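Me: I'm new to reading protein models, and I'd like a close look at one part of this one. Could you walk me through it slowly, starting from a pair of side chains and working outwards?

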Amino acid sequence: MASGKGRDRAAGAAVGAAEPATDWNGVAIGLALSFLGAYHLFKLPPVLPVLLEAYAYDRTLAGGFMSIYAAAGLLLSVLFGRRITAAGSFRPSLAALAVVSLGNLLGLVAPEQPLVMLASRGLEGIGFTTLAIAGPVLANRHAAARHRPLVIGMTASWIPFGQLSAAGLATLVVDWPGWQALWLVGLALNAGMALWLLARRSQLEAEAAQGGPGAGGAGAAPARLGSGLLIMLVVTAGIFLCWSGQYFAAMTWLPQYFVEAQGLSLAWAQLSSLLPAAVLMAFNLLTGLLIGRGLPIGALLSVALASQALLWWCLPALDQAGLLFGVIALVAYGIGAGICPTCLFAMPNALMGVQSNQARAFGVIMTGRNLGVLLGPVVIAEAYKAADSWTVAAPVFGTSTLVAMVMSFGLWVGLSRMRR
């Protein structure tokens with residue numbers, strides 16, 4: 001008679017053998033959709049000084065070229081999440097690429113008209129909202145359970161990828177052939193992405209019906225968004241609101257802070273502001289691996305938020321600390337900023353697994369993220385005008401990040417109860 005341990009090992013081997021393999025092509029499509037959306041969002045900031053000089057946009061309206069993305073996401077994330085739940089990711093993603101391409105073309109046709117450019121970015125923002133949900137859903141759906149934490153970490157790196165890729169391309173083309181090259185590259189990437197989707201149409205539509213490698217196959221019952229689950233998703237959205245508000249405020253105004261408060265040249269200010277984004281990408285992947293090894297999401301998130309709150313409260317001292325401490329602070333900020341979104345993007349999977357209505361869960365948490373993106377840069381700009389000092393960010397975002405940390409403790413407790 002086989003021992004109990006022997007039976008356990010045999011059962012474990014049977015489960016491992018039965019688990020479907022990761023479809024890396026499907027994962028790559030999901031990641032590509034997310035990264036492409038982030039590229040379109042961040043292709044504007046590196047060339048905004050050129051556009052302001054060429055077309056004399058009002059500064060407030062020019063800021064709206066970024067915030068309108070968040071406004072579109074705030075209004076449409078939940079609706080589009082439900083649509084992706086009902087129809088799968090294939091058709092909504094194709095439609096999103098078409099809408100983003102239309103926005104790109106509109107911006108190229110009449111950039112000298114501020115309202116036309118705003119409408120152009122608005123169309124891009126509508127398409128971006130779909131890509132921001134469909135990309136993570138597709139990537140998660142095609143990842144087997146053993147690879148899903150790594151895939152979540154890769155998905156969470158979409159924002160720094162957009163920052164770095166757009167900024168890198170801008171340095172190559174801004175003098176010649178000009179800012180329009182970023183829009184033309186965006187159109188080419190959209191076309192390539194659409195062809196890739198069409199080549200995988202039958203597989204994507206069939207896999208959407210079955211739920212993908214990790215969802216249990218055809219007929220798997222979707223998790224119901226009951227009251228307890230919905231509360232935890234809303235708390236996650238609240239944390240995302242606080243975190244994305246302070247992050248996008250920092251990334252929007254950091255170059256200006258370096259120029260005004262630290263006396264750096266514009267080129268060095270832009271380069272320095274990319275340091276936390278580069279560190280962030282590395283820690284997105286590392287955090288995904290740590291989650292895969294069993295580290296609790298709630299604990300990781302709470303520690304990262306505590307570190308970011310501490311950095312905000314230390315801003316007045318760092319303002320006078322010198323170059324070395326400034327670099328250390330930027331690296332530390334990038335580490336925390338890499339951990340937080342990875343944990344937040346992992347929450348739908350932690351709460352409900354890879355289910356057909358996971359897109360609705362992403363719609364809920366992305367609503368919180370978009371509200372933070374919309375408010376963060378505006379709040380710090382108004383606070384600066386009132387106080388005439390960048391250090392006013394310390395109490396504003398130090399407090400909001402502490403609030404997020406308290407909410408993360410609630411998630412930690414809730415997830416622990418679910419495991420028990």
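Are W179 and W183 buried or exposed? Please start there, and then show me the aromatic rings and the spaces around them.

Reply: Happy to help! Keep in mind that this is a predicted model.

Let's begin with your two tryptophans. W179 is buried, and W183 is buried as well. The two form an edge-to-face aromatic pair, with 5.0 Å from centre to centre and 85° between the planes. W183 has another neighbour to look for: K43 lies over the face of its ring, at 4.8 Å from the ring centre.

Now follow the helix that carries W183. Helix α9 covers residues 180-199, which is 20 residues. From its first C-alpha to its last it reaches 29 Å, close to the 28 Å expected at 1.5 Å a residue. Its buried residues are A181, L182, W183, G186, L187, N190, M193, A194 and L197. Try colouring those in your viewer.

Next, let's turn to the other rings. The whole structure holds 19 aromatic pairs. One of them joins F128 and W158, whose ring centres are 5.6 Å apart and whose planes meet at 10°, so this pair counts as stacked. F128 sits in helix α6 and W158 in helix α8, so the pair links distant parts of the chain, 30 residues apart. F128 and W158 are both buried. They also belong to one aromatic cluster, made up of F42, Y69, F128, W158, F240, W243, Y247, F248, W312, Y333, F345 and F397.

Helix α6 offers one more residue to visit. N140 lies in this helix, which spans residues 114-141. With a relative accessible area of 1%, N140 is buried. The C-alpha atoms of N140 and V151 are separated by 6.8 Å, and these residues are eleven apart along the chain.

What about empty space? Rolling a probe the size of a water molecule over the atoms shows where it is left. In this structure there is one cavity of 30 Å³ or more. The largest cavity contains about 80 Å³ of space. Its lining is A156, W158, I159, P160, F240, W243, Y247, F248, L280, P341, F345 and R369. Helices α8 (158-173), α11 (227-262) and α15 (323-352) are the elements that give two or more residues to this lining. The most comes from α11, with four residues. By class, the lining of the largest cavity has eleven nonpolar residues, no polar ones and one charged.

Then there are the pockets. The largest pocket holds about 1,700 Å³ of space. It is lined by 42 residues, and the closest to its centre are P45, L48, M251, T252 and W253. Among the helices that each supply at least two residues of this lining are α8, α11 and α12 (266-292). The lining of the largest pocket divides into 28 nonpolar, ten polar and four charged residues.

The second largest pocket has about 760 Å³ of space. Of the 30 residues lining it, L254, Y257, F258, G326 and L330 are the closest to its centre. Helices giving two or more residues to this lining include α11, α15 and α17 (393-419). Here α11 provides the largest share, eight residues. The lining of the second largest pocket has 25 nonpolar, four polar and one charged residues.

Key. Residues are numbered from 1 along each chain as its sequence is written. This is a predicted model: local features need pLDDT of at least 70, side-chain atom pairs count only at pLDDT 80 or more; totals for chains, interfaces and linings use all residues. Side-chain values use heavy atoms; hydrogens and water are left out. The expected span of a helix is 1.5 Å times one less than its number of residues. Buried means under 20% relative accessible area, exposed over 50%, partly exposed in between (1.4 Å probe, protein chains only). On a 1 Å grid over the protein atoms alone, a cavity is a set of points where a 1.4 Å probe fits but cannot get out, and a pocket is an open set with protein on both sides within 12 Å along at least five of seven lines; lining residues have an atom within 4 Å of a point. Grid points are joined across faces, edges and corners, and a volume is the space filled by probe spheres set on the points. Ala, Val, Leu, Ile, Met, Phe, Trp, Tyr, Cys and Pro count as nonpolar, Asp, Glu, Lys and Arg as charged, and the others, Gly among them, as polar. Rings of Phe, Tyr and Trp (its six-membered ring) pair if their centres lie within 6.5 Å; planes under 30 degrees apart count as stacked, over 60 as edge-to-face and the rest as tilted. A charge sits over a ring if NZ of Lys or CZ of Arg is within 6 Å of the ring centre and within 35 degrees of the ring normal.
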